[in-house]
Amino acid sequence: MKTSFQLLIVVLIASAFSPLKTACASDIEAITTNLLPKVRLSSKTYAPKTLRQRMAEQHVQGMSVAVIKNYRIEWAEGFGLANAKSSAKVSRHTKFQAASISKPIAALAALKLADQGLVDLDTDINNYLSAWQLNYESFSTDQKVTLRHILSHTSGLTVDGFPGYQRGSVYPSDIEILNGQGNTAPVTLGTAPGKEMRYSGGAYTVMELLIEDVAKQSFDSYMAQQILGPLGMKQSTFAQPLPKQQWPQVSAAFDAQGKQLEGDWHGYPEQAAAGLWTTPTDLAKYIIAVQNAVAKRQQTILQAPSVKQMLTPQIGGWGLGPNLSETNSGQVFKHSGKNAGFTNEFIAYSATGDGLVIMANSDGAGPVIEELKLAISAHYGWDLAEAMVIEPSSLNNKFEVAIAGDYVFEQDANLVMSISKAADTYQVHDRTNNERFYFVPTNSDELTNIESGSRIKLTTNEAGQLSGFVWAGRYRFLKQQ
């Protein structure tokens, strides 16, 4: 008898191979000539720009897009360069690093194992781990870490993300990564499991090892055979390092100034957290599969427990893999991704067959992705993206006097942000990745990014003095004295 997960895969195959339309040139033209900022000051008016203009302004070498409409890939298109050295252009077949979009795809493996009865989502992960065990002794808690916690970022485990390794480097094993013998700190309990949402790539590396222990094969092989293959994601792989025969098929990575990275890209042995190479077209197949299951387009999928649980909000609103939110049109599932030289996002409605995937080979692509999301959403009458109109304000005088200086990420002392005043804005310099972001005050203790709309909330100590800030409601930085 086929399990509900296996039946889901059957539907995926049927839906993912819909003919790709090529007669959408007018739609593509209308979208890519009508880019407007996501964040708009109430006192200003804005003229639309072209995608080519915005890519040049942000030093973005290449982008690739897939649009999903009515449960089919409406169109997919590549823009710009994939490799400055070879002058190779981006096509819809060019592979990009998915970065953290690896996580919702990897989550399917855990859900499949649960559907088969090989793991339980609410059982202590140590029951399934063989060569490595999570040490609870250093943290007083009766609650054990489970796969549900890991998938929804409520495990309390540390290590937010990974910097990757230059191509040609010797990669550490999963166990070495978890023990802090790679280029990041050890993965340990930082907060009690199940209490709050705390994004953790380290937790997904624990899950990667667990899947290998339960499936008794390498993670990338399991994903290729059991997930990517059945999904029809033929241009995707979790193999790290990337096999040499695939090098001509992938995009190089570029920094925020448009310079190609030394070695062309970084590798990520943390495969479940950041190691997927894929295309927007392949990611669209995953999205359509989920949408088909939710829409009950096949009777055998109506009660699929894996998909139902995947899209059920946990603490903090995250699902089991994808991030979840609500619009006026209903629930959306989404995820973004950021590796060295790659910036990506997908967002789609759960209950209808519409959505989009955007992948870029640049550290500076964030604003362009936001603007392209807006243009696509407006063109099709969706509310997957909306502009933010802000009214500049003034900071409390005590914050204005004290805000300049360095701030260290509480989970990783190597990640340092510097804040300085720059005319009517505040510059936040990510010194680790050499990126700069510009904010305006929108409240007495709040700054808003003028490109993404993300917010910084300033925090104080018991004496009322500036102690740091929280970025996007979840990343806490501490001010250095």
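In sorting residues by class, Ala, Val, Leu, Ile, Met, Phe, Trp, Tyr, Cys and Pro count as nonpolar, Asp, Glu, Lys and Arg as charged, and the others, Gly among them, as polar. The structure described here is a predicted model.

**The second largest pocket**

By these classes, the lining of the second largest pocket has 12 nonpolar, 1 polar and 9 charged residues. The space in the second largest pocket comes to about 440 Å³. It is lined by 22 residues, and the closest to its centre are Pro37, Val39, Lys44, Tyr46 and Ile450. Three elements give two or more residues to this lining: β1 (39-41), α3 (51-57) and α12 (366-380). Of the elements, β1 gives the most, with 3 residues.

**Helix α7**

Helix α7 covers residues 201-215. Its 15 residues should span 21 Å at 1.5 Å a residue, and the end C-alpha atoms are indeed 21 Å apart, so the two values agree. At the N-terminal end, Ser200 caps α7, with a side-chain oxygen 3.4 Å from the backbone nitrogen of Gly202.

Is α7 enclosed or open? Here a residue is buried if its relative accessible area is under 20%. In α7, 12 of the 15 residues are buried, so the helix is largely enclosed by the rest of the structure. Among them are Gly201, Tyr204, Met207, Glu208 and Asp213. The buried residues of α7 pack against five helices: α4 (102-115), α5 (147-151), α6 (174-178), α8 (219-231) and α9 (271-274).

**Helix α10**

Helix α10 (residues 280-294) also has 15 residues, and from its first C-alpha to its last it reaches 21 Å, close to the 21 Å expected at 1.5 Å a residue. It is mostly covered, with 14 of its 15 residues buried.

**Backbone features**

Three residues with a positive phi are set out below.

| Residue | Phi | Place |
|---|---|---|
| Val159 | near 75° | loop between α5 and β6 (165-166) |
| Lys216 | about 60° | loop between α7 and α8 |
| Lys296 | near 55° | following α10 |

Neither Val159 nor Lys216 is a glycine. Val159 is buried, because its relative accessible area is 6%. Lys216, which comes just after α7, counts as exposed at 72% relative accessibility, the cut-off being over 50%.

Another backbone feature is the cis peptide bond that joins Gln240 and Pro241, where omega is about 0°. Pro241 lies in the loop between α8 and β7 (266-267).

**Two serines in strands**

Ser418 is found in strand β15, residues 412-422. With a relative accessible area of 15%, Ser418 is buried. Its side chain is joined to that of Asp406 by a polar contact of 2.6 Å. Not counting residues up to four places away in sequence, Ser418 touches Gly405, Asp406, Gln427, Val428, His429 and Arg431.

Ser336 lies in strand β10, residues 330-339. Its relative accessibility is 43%, so Ser336 counts as partly exposed. Leaving aside neighbours within four places in sequence, Ser336 is in contact with Ser100, Ile101, Asn344 and Glu345. How far apart are Ser336 and Leu210 in space? From C-alpha to C-alpha the distance is 24 Å, and in sequence the two are 126 residues apart. Leu210 is one of the buried residues of α7.

Note on methods:
Residues are numbered from 1 along each chain as its sequence is written. This is a predicted model: local features need pLDDT of at least 70, side-chain atom pairs count only at pLDDT 80 or more; totals for chains, interfaces and linings use all residues. Side-chain values use heavy atoms; hydrogens and water are left out. On a 1 Å grid over the protein atoms alone, a cavity is a set of points where a 1.4 Å probe fits but cannot get out, and a pocket is an open set with protein on both sides within 12 Å along at least five of seven lines; lining residues have an atom within 4 Å of a point. Grid points are joined across faces, edges and corners, and a volume is the space filled by probe spheres set on the points. Helices (H or I, at least four residues) and strands (E, at least two) are DSSP runs, numbered from the N terminus. The expected span of a helix is 1.5 Å times one less than its number of residues. Buried means under 20% relative accessible area, exposed over 50%, partly exposed in between (1.4 Å probe, protein chains only). Contact means heavy atoms within 4.5 Å. A polar contact is a pair of N or O atoms within 3.5 Å; within protein, one must be able to donate a hydrogen and the other to accept it, and residues adjacent in sequence count only if both atoms are side-chain atoms.
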